[in-house]
Amino acid sequence: MASASTPRTRPGLLDGLDPEQRAAASAPRGPVCVLAGAGTGKTRTITHRIAHLVSSGHVAAGQVLAVTYTARAAGEMRTRLRGLGVEAAQALTFHAAARRQLRYFWPRVVGDRPWDLLDNKFRFVGQAANRAGLGTETEVLRDLASEIEWAKASLIAPDDYPAIAARNQRDTPAPVTQVANVYRLYEEIKNSAQVLDFDDLLLHTTAALEEHGAVADEFRERYRCFVVDEYQDVTPLQQRLLDAWLGGRDDLTVVGDANQTIYSFGGASPRPLLEFTRRFPEATVVRLERDYRSTPEVVALANQVIGAARGRPAGSRLKLIGQRPAGPPPRFGEYDDEAAEASAVARRIRELIDGGIATSEIAVLYRVNAQSEAYEQALSDVDVPYLVRGGERFFARKEVRQAVIALRTASSRESDLDLVTRVRAVLHPVGLTEQPPAGGAAKERWDALLALVEVAEELASTVEGADLHHLVAELDQRAAAQHPPTVEGVTLASLHAAKGLEWDAVFLVGLAEGTMPIQHADGDDAAVEEERRLFYVGVTRAREHLWLSWALSRKPGSRRNRRRSRFMYGLVPEDHPAARVAKAQNTAPTGAKPRCRVCDSVLAGTMEIKLSRCSKCPSNVDEELLAKLRAWRGERSKELKVPTFVVFTDATLVAIAEQRPTTDGALVSISGIGATKLERFGAEVLDVVRAVVSS
């Protein structure tokens, strides 16, 4: 029986969590690492952990600082915490937290007026590029700004940039010495103007904590418990700031999934996540693999996508387990050109909407923003509203600003109406009519106002006695954190912008070589693997309906010289009209030429036929599997007292490690493996493959 001094959590707080979620939420105070796959309820888990620590008396709510990657995710975390009765805990992005701390400590560590924050560095980068004798075209400035951001996020000073950029084989917009000069001049111009960029927020806050003992003492007295979400995408600069926050303490919970590392180009690395237990040997580690978001059909395809990844560290090998009822199989489509693909997508979206799916529960995801135009036009043609994520900010819209002013004014007057009814009454003169307009811009404005009503409904359901004062404060906080409410319309977004979001129906489009993976990643194995993870992120955004498509040419009438993405290999069912996977030599029709399983080109030479892959397409050999196959072959050759090549040649083992067959049929489809080899070694080889694939 617990003693009177034993901390107790609030009864029923952890009810509804699955065993792994509960283990993470109730873990002892100290270092905790939650390896959380897509859709496994990580936000639910970590907010319950915070609530558990607070309710059991381990830490006061105001002593908790939770940081995540996006303002939207931070806003969602605050909403969840409020619903659990924890309102004083801070949930912010790294940059928002650093900005708040720097503003507070600035008079003490600098002394003069706080420097303004630079919203856009393009003007200063342009000045620096001009002084350095480089071009100032938009594309050049964008690439230079990205290099400066990568360097600062990686804690690389201008003098060190040339050597490190060369060592990392950075694809720079100019020779590395010139980029370093632009970086140096940019810092000088910025400092002369007494402004800060977003990376400076982290750099200066870190310096304040590292170099001023009194500042560090005050901060660490205030904050005792830290939670970091999306830890797989932390940069060296963010890690340095986190270390400064901790100050040698270990009251830290990190959550991440190395399968979703998609910001390496910006300096992010999963290494801190993967090496967490090396730094904290006593850490509690919990794996969340039960996927509550997606149907088993979507989950199976997602596991296939990431299962083909090369060089995955053991700690990243989460395999999702679908928990939802069965749903429709993923759809695949190959089209003559991009316009035809966009039209087909729009028609299918119209079918889903007519079938009862809300437009806000549908998304079209693409690799680069330039792909959105075709889908904007196609959706307009079938009268489907859409929102381009990354377009005009919600709280900057004229009707939203007018609505907030009206709500703020009304909050000073008393009323007997409940919150939601009163909000509708206040917004009616602004344009919130009883019935929505037929369409167009008027409908978009009406939808934006309705979204404010839905914020009021959410607030009323989570905060007892919520009134207009509460609502205005909530809207102000959301505006500052760039956490807009949901507005009706199909979402058009890049795969990077879709991270952390989910929809009932997801359309992954433009899945052709050169776009997915992006052309500049080709030839760089690490970059290609990051593209695969980005594709995996896209797949795991879908709850129920998943569409994957590609076009063979850009414009109608153009030469059909594109091929589908290499990531699609093995995903398209062989009986599907879009399937072009070449059958293995020993099962191909008489006279048929063997073709590359990736690009469908005709194979030439024994080795290409053996691997079922042309020499131009990259190898996707599983190094761990290849090592285990070689070890198995060595043991069998000793038992049989024959040379190793008699069991299987090196080329055959490489082919197995690339294609990862898990059935007899898939194994014998590899050139050189016939009935005799299958009968003698098939079961053993498949056991080796399955053990690695499922690990």
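## The loop between β15 and α21

Pro517 sits in the loop that joins β15 to α21. The peptide bond leading into this residue, from Met516 to Pro517, is cis, with omega near 0°. The structure is a predicted model, and every value in this report is to be read in that light.

## Helix α21

The loop with Pro517 lies between β15 and α21. Helix α21 covers residues 525-539. Its 15 residues should span 21 Å at 1.5 Å a residue, and its end C-alpha atoms are 21 Å apart, so the two values agree.

How many of the residues of α21 are buried? The count is 12 of 15, and the helix is thus mostly covered. The buried residues include the charged run Glu529, Glu530, Glu531, Arg532 and Arg533. Val528 is also buried, as are Leu534, Phe535, Tyr536, Val537, Gly538 and Val539. The buried residues of α21 pack against one helix, α14 (296-307), and against the strands β12 (362-366), β15 (503-508) and β16 (542-551).

## The chain as a whole

The chain has 695 residues, and buried residues make up 50% of them. Its secondary structure comes to 27 helices and 16 strands. Among contacts with a separation of 6 or more, 76% are between residues 24 or more positions apart.

## Helices α5 and α8

Helix α5 (residues 122-131) packs against helix α8 (residues 176-192) with the axes 8 Å apart and at an angle of about 125°. That angle makes α5 oblique to α8. The crossing of α5 past α8 is right-handed.

Which residues of α5 and α8 meet? On the α5 side they are Phe124, Val125, Gln127, Ala128, Ala129 and Arg131, and on the α8 side Val182, Leu185, Tyr186, Ile189 and Lys190. By class, the residues of this contact are eight nonpolar, one polar and two charged. The polar residue is Gln127, and the charged ones are Arg131 in α5 and Lys190 in α8.

## Helices α23 and α25

A second helix pair is formed by α23 (residues 623-640) and α25 (residues 650-659), whose axes come within 9 Å and cross at roughly 140°. This makes α23 oblique to α25. Here too α23 passes α25 in a right-handed crossing.

From α23, the residues Leu625, Leu626, Leu629, Arg630 and Arg633 meet Asp650, Leu653, Val654, Ile656 and Ala657 of α25. The contact of α23 with α25 holds seven nonpolar and three charged residues, and no polar ones. The charged residues are Arg630 and Arg633 in α23 and Asp650 in α25.

## Helix α3 and Thr79

Helix α3 (residues 71-83) contains Thr79. The helix has 13 residues and reaches 18 Å from its first C-alpha to its last, close to the 18 Å expected at 1.5 Å a residue. Its buried residues are Ala71, Ala74, Gly75, Met77, Arg78, Thr79, Leu81 and Arg82. An α-helix has 3.6 residues a turn, so residues three or four places apart point the same way. Just after α3, Gly85 takes a positive phi of about 80°.

Is Thr79 buried or exposed? With a relative accessible area of 13%, Thr79 is buried, because buried means under 20%. Thr79 and Glu474 are 395 residues apart along the chain, yet their C-alpha atoms are separated by 9.9 Å.

## Helix α18 and Thr421

Thr421 belongs to helix α18 (residues 419-427). At 38% relative accessibility, Thr421 counts as partly exposed. Its C-alpha atom is separated by 9.5 Å from that of Ala456, and the two residues are 35 residues apart along the chain.

## Positive phi in two loops

What phi does Leu155 have? The value is positive, about 60°, although Leu155 is not a glycine. Leu155 lies in the loop between α6 (138-153) and α7 (161-167). This residue is partly exposed, with a relative accessible area of 37%.

Gln194 is not a glycine either, and its phi is positive at about 55°. The loop that holds Gln194 runs between α8 and β5 (195-196). Gln194 has a relative accessible area of 29%, which makes this residue partly exposed.

Definitions and conventions:
Residues numbered from 1 in each chain as written. Predicted model: local features only at pLDDT ≥ 70, side-chain atom pairs only at ≥ 80, totals over all residues. Heavy atoms only, no water. Axes fitted to C-alpha atoms, helices over the stretch in contact; angles between N-to-C directions. Helix = DSSP H or I, 4+ residues; strand = E, 2+ residues; numbered from the N terminus. Parallel < 35°, antiparallel > 145°, perpendicular 65-115°, else oblique. Left-handed = near helix turned anticlockwise from the far one by under 90°. Contact = heavy atoms within 4.5 Å. Expected span 1.5 Å × (residues − 1). Buried < 20%, exposed > 50% of the residue type's maximum accessible area, 1.4 Å probe, protein only.
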